[in-house]
Structure formats: structure tokens, C-alpha cells
Amino acid sequence: MSDKEDNEKPGLNRRGFLARGGALAGTLFLGGCDALSQNSTVQNILKSADGLTEAVQRALLSPDALAREYSPDEISNDFKANGSTDPQTPDYLKLAENGFKDWRLKVGGLVETPLTLSLDELRGMPARSQITRHDCVEGWSSIGKWTGVQLSHVLDRAKLKPNAKYIVFYCYDDLGRGGTEASRYYESIALVDAYHPQTILAYEMNDETLPIPHGAPLRVRVERQLGYKMAKYIRAIEAVESYDDIRGGEGGFWEDRGYAWYAGI
Ligand SMILES: Nc1nc2c(c(=O)[nH]1)N[C@H]1C(S)=C(S)[C@@H](COP(=O)(O)O)O[C@H]1N2
Ligand SMILES: [Mo]
């Protein structure tokens, strides 16, 4: 665990929370002479400092916990497709026309080795499958099986620079209908989520090639997060130190329109 969670969002800065917890505990122990620790108020505070330590540990450990995985018979028959389901941008249509043979994933930003990967190259990397539940903020859920390469493999191949803190996904669909780069879908996640074992770049859904409504040719699955974090129609991945200067500055298409950046579940 590093500064991955140091995401500068009010109320969500686990590091800040830890720092404050440590300072509080330190103050109490420094003042902890016998007479003081007999005092019931002080005892209660000491107890709550224990609770605080536990809360800090939970807060620090929980990002690594796995999302529940389901059995094949629990897969939804009609997994809902949401948001963009049929991108009409000219570059996307051209790629779709020949089954995404010319599609390439660009991996850049704060990396030692920028990459350009074809679907075959991604399929040639170690694959992971998982059956998980997708929860959309709009209030629906569906269970599906996803197969792809762990994002950590791709990032390790590109070798992140030490100052990289977030991974940004740029998509082909112009959900904002602005007709420009700026109105296309994008998302960002912290490194702790990017390196989570269930965070995969999926090219298959339910054992079939990922269909267009669900993000062909490649979408990310970030299983501990709400649906809008899981960018579909990915075209590029960028490692950045901050997303303040990207588009609306809030770290994602929906975030720029008021959604929370951290959508952990
Ligand atoms: N590029 C892109 N990614 C996207 C969206 C989108 O509109 N465009 N919608 C998001 C939302 S709100 C949800 S719930 C999921 C929907 O994924 P699905 O269509 O596979 O159900 O994709 C997310 N990723
Ligand atoms: Mo969603």
C-alpha cells in the first residue's frame, strides 16, 4: 500500500485519515500517566483510539478484498447494456467495420515504455475470467462472466513511473454529443484499483467476443466499483499524476457532471 489512496478528495483521503488517527493516538499515549489513565473519560478515549486503529486498518485493507464471484448458473440472461451502446464516431465505425482488426490499445503517459497493443497481443497475455455482479448507479444489477487480461500485467509491461497515481481510460463514444474529443467518455481509477486482481481489460463477455453494446473491442472491469467507472470502447490508457487538467477536472465523464469520483462498493 503506498500513496495510491492519496486521492485528494475531501473525506476520502485515507492517508490523511491515517495521519490524523496516528497523531491523536500519539497525543493520548504521551499523556498516558497512571492517574490520567484511571480517568474514565481518558479510558473511553483510549478505547475509541483502538477503534480508530481498526477502522484505519479496515480502510487500508478493504481495497484488496475480492468482489464476490458467482457460479455460471447465476449469469443474467439479459445483461442490460447502458449508456453508449452503439458508438457512431467515424473512427469507431471504421474500426468496427472490419471486426476491430486495426484497433490498437495505446498505453502512455507516465510510463517508461509506451505500448501499442493489438487484440491478439492482449489475448496472448495471461487471461483471467470472473463472474461478477455489475451494479449501476441507476439502480439495476446484472451478473456476467468477463474474460480479459489483468490491467496490472499491461501496466507492468509499460512500467509505471514513480509519480503515476491514476490510470485514465479514453473511449471512442461521444456520449456528450459535442462532436469533439472533449465530449467523449473517459474515466480514471486510482492505482490501488488498477492493480486489484479483478481489474481486467475484458475482450470477452459470457465466453463470446465482447459485443458492441457492452464495449467492444475492450472495456475495463473494476469489480469493486459502480458501473460508470467501467469504461467501454477503450482506445487509450494513460498514467497520470493528477486528473485536474483533464477535461472537466473531476476524473470522468459522469464525474464532470456531478457523480462521485470514488464509487467503491
Ligand atoms: N465508454 C463508455 N463507457 C461506459 C458508459 C458509457 O456510456 N460509455 N456507461 C457506463 C455505465 S453508467 C455503466 S452502468 C456501464 C454499462 O455497461 P454495460 O453496457 O455493459 O451494462 O458502462 C459504463 N461505461
Ligand atoms: Mo451506470
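This report walks through the ligand site, the empty spaces and two unusual backbone spots of a structure that is a predicted model.

**The ligand and its neighbours**

Let's start with ligand 1. Around it stand 22 residues, and the closest of them are Lys80, Asn82, Asp173, His214 and Lys232. If you sort this shell by class, you find 12 nonpolar residues, 6 polar ones and 4 charged ones.

Which side chains place a polar atom at 2.6 Å, 2.7 Å or 3.0 Å from an oxygen atom of ligand 1? Lys232 does so at 2.6 Å. For His214, an N or O atom of the side chain is 2.7 Å from a ligand oxygen. Arg219 has a polar side-chain atom at 3.0 Å from an oxygen atom of the ligand. How much of ligand 1 does the protein bury? On its own the ligand exposes 530 Å², and 99% of that is buried by the protein.

**Pockets and a cavity**

Now for the spaces themselves. Rolling a probe the size of a water molecule over the atoms shows where empty space is left. Here is a small table of three such spaces, with the classes of the residues that line them.

| Space | Volume | Nonpolar | Polar | Charged |
|---|---|---|---|---|
| Largest pocket | about 320 Å³ | 13 residues | 6 residues | 5 residues |
| Second largest pocket | about 200 Å³ | 6 residues | 3 residues | 4 residues |
| Largest cavity | about 30 Å³ | 4 residues | 1 residue | 2 residues |

Where does ligand 1 sit among these spaces? The space that ligand 1 takes up is the largest pocket. This pocket holds about 320 Å³ of space. Its lining is made of 24 residues, and Asn82, Gly83, Tyr185, Gly227 and Tyr228 are the closest to its centre. You have met Asn82 already, as one of the residues closest to ligand 1.

The second largest pocket, with about 200 Å³ of space, has 13 lining residues. Closest to its centre are Gly99, Phe100, Lys101, Leu119 and Asp120. Which helix gives the most to this lining? That is helix H5, which covers residues 119-124 and supplies 3 residues.

How many cavities of 30 Å³ or more are there? The count is 1. About 30 Å³ of space lies in the largest cavity, and the residues that line it are Ile189, Ala190, Asp193, Gln225, Lys229, Trp261 and Tyr262. If you would like to find this cavity in the structure, Trp261 and Tyr262 are among the lining residues to look for.

**Two backbone details**

Finally, take a look at the chain itself. Which peptide bond is cis? It is the one from Ala216 to Pro217, whose omega is near 0 degrees. You can find Pro217 in the loop that joins strand S8 (208-209) to strand S9 (219-221).

The other detail concerns Arg177. This residue is not a glycine, yet Arg177 has a positive phi of about 50 degrees. Arg177 is also part of a loop, the one between strand S5 (166-171) and strand S6 (186-190).

Notes. Residues numbered from 1 in each chain as written. Chains lettered and ligands numbered in written order. Predicted model: local features only at pLDDT ≥ 70, side-chain atom pairs only at ≥ 80, totals over all residues. Heavy atoms only, no water. Near = heavy atom within 4 Å. Polar contact = N/O pair within 3.5 Å; in protein donor to acceptor, adjacent residues only side chain to side chain. Areas by Shrake-Rupley, 256 points an atom, 1.4 Å probe, with all protein chains shown as cover. 1 Å grid on protein atoms, 1.4 Å probe; cavity = no way out; pocket = protein on both sides within 12 Å on 5 of 7 lines; lining within 4 Å. Sits in = over half its atoms within 2 Å of the grid points. Nonpolar A, V, L, I, M, F, W, Y, C, P; charged D, E, K, R; others polar. Points joined across faces, edges and corners; volume = space filled by probe spheres on them. Helix = DSSP H or I, 4+ residues; strand = E, 2+ residues; numbered from the N terminus.
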